[in-house]
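Reader: I have not looked at this one before, so could you walk me through it at an easy pace?

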Amino acid sequence: YLSLQVTKLLELRLKNALLSQQQEKLNENLKAASSIQKSFLPAPSLHSDNFKIASFWDPAHVLGGDIFNAIKAKDRIIFYIVDVCGHDVP
């Protein structure tokens, strides 16, 4: 009975080590994906005499749906695009 417990404990330790390695790889991939996503945003300082671009990036974990719109506000037209459906990469 004791040898069975030792065997199971060793198996659990091996599985735990493998899971830790997989989690580390997943974390590295998520970090890379986050960097790639951020690189697609326009530079906040991008502007000309006629326009200025601002950007905001905040990953969604619960919200779903994609939208876009344009709003006239005083002497400005504001365009926005929201793409949050099925994303969960921080």
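Reader: Which element has the lowest mean pLDDT, and which has the highest?

Author: This is a predicted model, and among the elements of the protein the highest mean pLDDT, 90, belongs to helix 1, residues 2-39, while the lowest, 79, belongs to strand 2, residues 76-83.

Reader: And what does the protein average?

Author: The average pLDDT for the protein is 79, with 76% of the residues scoring at least 70. As a general caution, where pLDDT is low, the predicted coordinates should not be read in detail.

Reader: OK, stepping back, how many helices and strands are there?

Author: There is one helix and there are two strands, and when you follow the elements of the protein from the N terminus they come in the order α-β-β.

Reader: How do strand 1 and strand 2 run, and how many bridges join them?

Author: Strand 1, which covers residues 66-73, runs antiparallel to strand 2, and eight bridges join the two. As one pairing to look for, Phe 68 stands opposite Ile 81 in strand 2.

Reader: What sits between strand 1 and strand 2 in that hairpin?

Author: Two residues lie between the strands of the hairpin, and the loop there includes Lys 74. The backbone of Lys 74 deserves a look, since this residue is not a glycine and yet has a positive phi of about 55°. For comparison, most residues other than glycine have a negative phi.

Reader: Is Lys 74 buried or exposed?

Author: Lys 74 counts as exposed because its relative accessible area is 82%, where the cut-off for exposed is over 50%.

Reader: Switching to the helix, which residues form a nonpolar patch on the surface?

Author: The patch is made by Leu 2, Val 6 and Leu 10, which together have about 300 Å² of accessible area. Of these, Val 6 is found in helix 1, and with a relative accessibility of 43% Val 6 is classed as partly exposed, a class that lies between the 20% limit for buried and the 50% limit for exposed.

Reader: What share of the residues in the whole protein count as buried?

Author: Of the 90 residues of the protein, 3% count as buried. The protein exposes about 8500 Å², and carbon and sulfur atoms supply 61% of that area.

Reader: Last one, what percentage of the contacts with a separation of 6 or more comes from residues 24 or more positions apart?

Author: Residues that are 24 or more positions apart account for 29% of those contacts in the protein.

Methods. Residues are numbered from 1 along each chain as its sequence is written. This is a predicted model: local features need pLDDT of at least 70, side-chain atom pairs count only at pLDDT 80 or more; totals for chains, interfaces and linings use all residues. Side-chain values use heavy atoms; hydrogens and water are left out. pLDDT is the predictor's confidence in each residue, from 0 to 100. Helices (H or I, at least four residues) and strands (E, at least two) are DSSP runs, numbered from the N terminus. Patches are made of residues with over 30% relative accessible area and no salt bridge: like charges are joined within 9 Å, nonpolar side chains (Val, Leu, Ile, Met, Phe, Trp, Tyr) within 5 Å. Accessible areas come from the Shrake-Rupley method with a 1.4 Å probe; for residues, only the protein chains shown count as cover. A salt bridge is a side-chain nitrogen of Lys or Arg within 4 Å of a carboxyl oxygen of Asp or Glu. Buried means under 20% relative accessible area, exposed over 50%, partly exposed in between (1.4 Å probe, protein chains only). Two strands pair if DSSP finds at least two bridges between them. Contact means heavy atoms within 4.5 Å.
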